[in-house]
Amino acid sequence: MAKEKSLFVCSECGGTSPKWLGKCPSCGAWNTLIEQVAGSSGPANNRFGTQYAALAGVSELATLSEMEAADVARTPTGLDELDRVLGGGIVSGGVTLIGGDPGIGKSTLLLQAVDALQRAGQNALYVTGEESGAQVALRSRRLGLDHSQVQVLAEIQLEKIIATLDATRPAIAVIDSIQTVYSDQLTSAPGSVAQVRECAAHLTRFAKTSGTAVVLVGHVTKEGALAGPRVLEHMVDTVLYFEGDTHSSFRLVRAIKNRFGAVNEIGVFAMTERGLKGVTNPSAIFLSQHAEPVSGSVVLVTLEGTRPMLVEIQALVDNGGPSPRRLSVGLDRDRLAMLLAVLHRHAGVACMDQDVFVNAVGGVRISEPAADLAVMLAITSSLRGKPLPKGFIAFGEVGLAGEVRPAPRGQERLREAAKLGFSVAVVPKANAPRKGSKEIEGLTIHAVERIEEAMDVVRRLD
Ligand SMILES: Nc1ncnc2c1ncn2[C@@H]1O[C@H](COP(=O)(O)OP(=O)(O)O)[C@@H](O)[C@H]1O
Ligand SMILES: [Mg+2]
């Protein structure tokens, strides 16, 4: 096949250049030139808009009511926790990107999933670019997937991969990983943004036209740092991220985007010798076991998708140098700075000259503002060196004015905490059971409206 000439197109002005330049020759913007195969659609071809009608003709339109509204057909993968994040299963023609740190378990999970699908009668293809076929076979033996009928293709050239997919038409194809795939039509190096984007676009087009569900493995951290093609997120239907501390055995799979279901549902797995096993009742896995309460530790009841989970928030406040540090793991750092300001202004707790470290136990990431109250109580507890009582939980959002705002589905959170044997709770007033309504057995609830009140309650509990 004759190699098509590539073209570099400026993402700002649409100007073009036959070779890569740091600065766009038309508009002078830096680092905006992106390689494109000549002839493919792009800003360069958009210049003659009026000629489009002559070139392509005008499309027929239909109203929404005339269109057939078929519900998407989902095939459960057989791994319940994965199905939960996907919104019920793999959608035919759907494209899923699954990202996460190296070694976290992406290949393991997908091999388990395609094997389960194959055993359920779906034709599955596993394209491996990172490992040899023999390595994948070795993993399948270790995972106990004996006599697996999953077909494996060790290939990194896009054109060959698509030709094979087209000839075999599997129900599901896994590309492990998209960073290793390259197209002959581009001169950029494999793994570069242009290559990854172009290859993903071709695979997406293939999925849509053939009905094959395509899963792309991406070496992308949540910050988008590693090999960073966040552009992929816009292209695909579903984006899943693997989270968790590689040193602990628990792994979370979170949906960041899902065109076929709810986001922020999470799947919880435990990494075992024989692969990833779903954890069906995960509410207590992120608690570290202290025999006696320790200062700086508060248990937060957070809501992950449809399930309440208890996560221990730890804080350490210690004498800092001239420029004290504020560090957070699993929690937003800007939010931490904000909470410290609210603590100072409204509750008179000053940490200006102190280092403040905050950590959500178990490598879990918490993004909901309902963590605020627990974070603030943990910080105060560490600063004072006073542990909170045994069986203590808290949740609630704290605003800049020092007000404590309700968290969604507070009753459910309280019931889960009571079920796990927690006995004292500090929560927003609107989340506490109303006077006269049924109380939650075993749980003493302190309802607060302001952060000062919460501090008072905690001081009284000492
Ligand atoms: N022989 C083994 N026994 C038990 N666990 C293993 C073994 N080999 C690898 N693992 C586990 O599998 C993980 C690798 O998962 P993998 O699916 O290859 O990650 P990824 O594809 O995300 O890079 C390792 O971090 C380790 O926990
Ligand atoms: Mg892998």
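**Figure 1. Contact of α5 with α6 in the predicted model.** L158, I161, I162, L165 and D166 of α5 touch C199, H202, L203 and F206 of α6. Sorted by class, these residues are seven nonpolar, one polar and one charged. Helix α5 spans residues 158-168 and helix α6 spans residues 193-210. Their axes lie 11 Å apart, at an angle of about 10 degrees. Angles under 35 degrees count as roughly parallel, so α5 and α6 are roughly parallel to each other.

**Figure 2. The cis peptide bond between D176 and S177.** Omega is about 5 degrees for the bond that joins D176 and S177. S177 sits in the loop between β9 and α6. Strand β9 covers 172-176. Most peptide bonds are trans.

**Figure 3. H147 and its positive phi.** The phi value of H147 is near 55 degrees. H147 is a residue other than glycine. Most residues other than glycine have a negative phi. The loop that holds H147 runs between α4 (133-142) and β8 (151-154).

**Figure 4. Residues around ligand 1.** One run of neighbours consists of D101, P102, G103, I104, G105, K106, S107 and T108. R139, R142, M271 and E273 also belong to the surroundings of ligand 1. Polar contacts to oxygen atoms of ligand 1 include three shown here. A backbone N or O atom of G103 is 2.7 Å from an oxygen atom of the ligand. For K106, a polar backbone atom lies 2.8 Å from a ligand oxygen atom. R139 uses its side chain: an N or O atom there is 2.7 Å from an oxygen atom of ligand 1.

**Figure 5. Packing of α8 with α9.** Helix α8 comprises residues 333-347. The axes of α8 and α9 are 10 Å apart, and the angle is about 65 degrees. The crossing is right-handed. From α8, the contact residues are R335, L336, L339, L340, V342 and L343. From α9, they are D372, V375, M376, I379 and T380. Eight nonpolar, one polar and two charged residues make up this contact.

**Figure 6. Crossing of α9 and α11.** Helix α9 spans residues 372-384, and helix α11 spans residues 451-461. Their axes come within 11 Å and cross at roughly 50 degrees. The two helices are therefore oblique to each other. This crossing is right-handed. On the α9 side, L373, M376, L377, T380 and R384 take part in the contact. On the α11 side, the partners are I451, A454, M455, V458 and R459. The contact of α9 with α11 has seven nonpolar, one polar and two charged residues. M376 and T380 of α9 meet α11 here, and M376 and T380 are also listed in the contact of α8 with α9.

Note on methods
Residues numbered from 1 in each chain as written. Chains lettered and ligands numbered in written order. Predicted model: local features only at pLDDT ≥ 70, side-chain atom pairs only at ≥ 80, totals over all residues. Heavy atoms only, no water. Axes fitted to C-alpha atoms, helices over the stretch in contact; angles between N-to-C directions. Helix = DSSP H or I, 4+ residues; strand = E, 2+ residues; numbered from the N terminus. Parallel < 35°, antiparallel > 145°, perpendicular 65-115°, else oblique. Left-handed = near helix turned anticlockwise from the far one by under 90°. Contact = heavy atoms within 4.5 Å. Nonpolar A, V, L, I, M, F, W, Y, C, P; charged D, E, K, R; others polar. Near = heavy atom within 4 Å. Polar contact = N/O pair within 3.5 Å; in protein donor to acceptor, adjacent residues only side chain to side chain.
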